[in-house]
Amino acid sequence: MDVLLYAACAVGTGLTVLYLLVRYNGYMALLWHDFIYERLKDFLTGTSRPERILKHVQKTAVQGDPLSVVNAIDDFCKKKEWAMNVGDEKGQILDREVSKANPDIVLELGTYCGYSTLRIARLLKPGARLLTVEFNPAYARVAREIIHFAGADDKVTLLEGSSEDIIPQLKKKHDVDTFAFIFLDHWKDRYVLDTQLMEKCGLLRKGTVLLADNVTCPGCPEYLEYVRNSPSYKSEYFLAHLEYTQAPDGLEKSVFLG
């Protein structure tokens, strides 16, 4: 009996420690949610996390209402499964900065399931447009369905492929001069490279706002060093938390000075 009680206490303590680590340590959160739990759930259900998000949206959100879709994804990520969206807390910072910039044309690098795409699209003024780039074909397929369900097709163009291939084609193939607002939320090791590529391709104008997610967790020190030390940018850091956790994270806003 004492052995069973001891074992139960040990299991309970272990689970508590695991919960706290996943809740408050960003790297443990990513390890658990992205590499352990997601793969186990995929194996057991025969579906992917994006597909499960899509199903939840179709079941619970109001068709044609982007905010309802955003709220449904938040609900899924809080109550069912964590997912790598910008999330509700940092999403409010994104909303604020998009509203302040009032952009006529936006570029998003990293669509995933279309969560931040819809956060941005719903705030755009009439005639404004958003180009969003997604490398993963499976993510792009789900994102197209979610964007269509939300009724945002008229404002959003999803470009499937690598950022390094698509960025040089934006002027000729997609009638782009320069962007007013750019949201970076793709591979962190591409942040600096793609920012420099956009500079080279003449896609930035004086006053262009670059907002980069996850600059603390998992982090992108090379990007922060670049924008914070370049005379071409004025940068500001917004402290927040990794999506749907209490682990420290943040967004970096950098205004291109020309």
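**Asp 95**

I looked up Asp 95 first and found a relative accessibility of 11%, so Asp 95 counts as buried. I note that the model is predicted.

Next I checked the salt bridges of Asp 95. Its side chain meets that of Arg 119, at 2.6 Å from N to O. Asp 95 sits in helix α5 and Arg 119 in helix α6, so this salt bridge ties together parts 24 residues apart in sequence. I found Arg 119 buried, as Asp 95 is.

Asp 95 also forms a salt bridge with Arg 122, at 3.2 Å from N to O. Here the link runs from helix α5 to the loop between α6 and β2, with the two positions 27 residues apart in the chain. I read a relative accessible area of 28% for Arg 122, which means that Arg 122 is partly exposed.

**Other salt bridges**

I noted 24 salt bridges in the structure. One of them joins Glu 81 to Arg 49, whose closest N and O atoms are 3.1 Å apart. Glu 81 lies in the loop between α4 (66-79) and α5 (87-101), while Arg 49 is in helix α3 (residues 49-60), 32 residues away along the chain. I found both Glu 81 and Arg 49 buried. Both also belong to a salt-bridge network, together with Asp 34, Glu 38, Asp 42 and Arg 52.

**Largest pocket**

I then turned to the largest pocket, with a volume of about 950 Å³. Its lining has 36 residues, and those closest to the centre are Met 84, Tyr 139, Asp 185, His 186 and Trp 187. I listed α2, α6 (115-121), β2 (129-134) and α8 (163-166) as the elements that each give two or more residues to the lining. The largest share, six residues, comes from α2. By type, I recorded 14 nonpolar, 10 polar and 12 charged residues in the lining.

**Helix α2 and the surface**

I stayed with helix α2 (residues 26-45) and looked at Ile 36, which is found there. Ile 36 has a relative accessible area of 39%, so I entered Ile 36 as partly exposed. With Leu 31 and Phe 35, Ile 36 makes a nonpolar surface patch of about 270 Å².

**Strand β2**

My last entry is on Leu 130, in strand β2. Is Leu 130 buried or exposed? Its relative accessibility is 0%, so Leu 130 counts as buried. I also looked up the separation of the C-alpha atoms of Leu 130 and Leu 118 and found 9.7 Å, for residues 12 apart along the chain.

Note on methods. Residues are numbered from 1 along each chain as its sequence is written. This is a predicted model: local features need pLDDT of at least 70, side-chain atom pairs count only at pLDDT 80 or more; totals for chains, interfaces and linings use all residues. Side-chain values use heavy atoms; hydrogens and water are left out. Patches are made of residues with over 30% relative accessible area and no salt bridge: like charges are joined within 9 Å, nonpolar side chains (Val, Leu, Ile, Met, Phe, Trp, Tyr) within 5 Å. Accessible areas come from the Shrake-Rupley method with a 1.4 Å probe; for residues, only the protein chains shown count as cover. A salt bridge is a side-chain nitrogen of Lys or Arg within 4 Å of a carboxyl oxygen of Asp or Glu. Helices (H or I, at least four residues) and strands (E, at least two) are DSSP runs, numbered from the N terminus. Buried means under 20% relative accessible area, exposed over 50%, partly exposed in between (1.4 Å probe, protein chains only). On a 1 Å grid over the protein atoms alone, a cavity is a set of points where a 1.4 Å probe fits but cannot get out, and a pocket is an open set with protein on both sides within 12 Å along at least five of seven lines; lining residues have an atom within 4 Å of a point. Grid points are joined across faces, edges and corners, and a volume is the space filled by probe spheres set on the points. Ala, Val, Leu, Ile, Met, Phe, Trp, Tyr, Cys and Pro count as nonpolar, Asp, Glu, Lys and Arg as charged, and the others, Gly among them, as polar.
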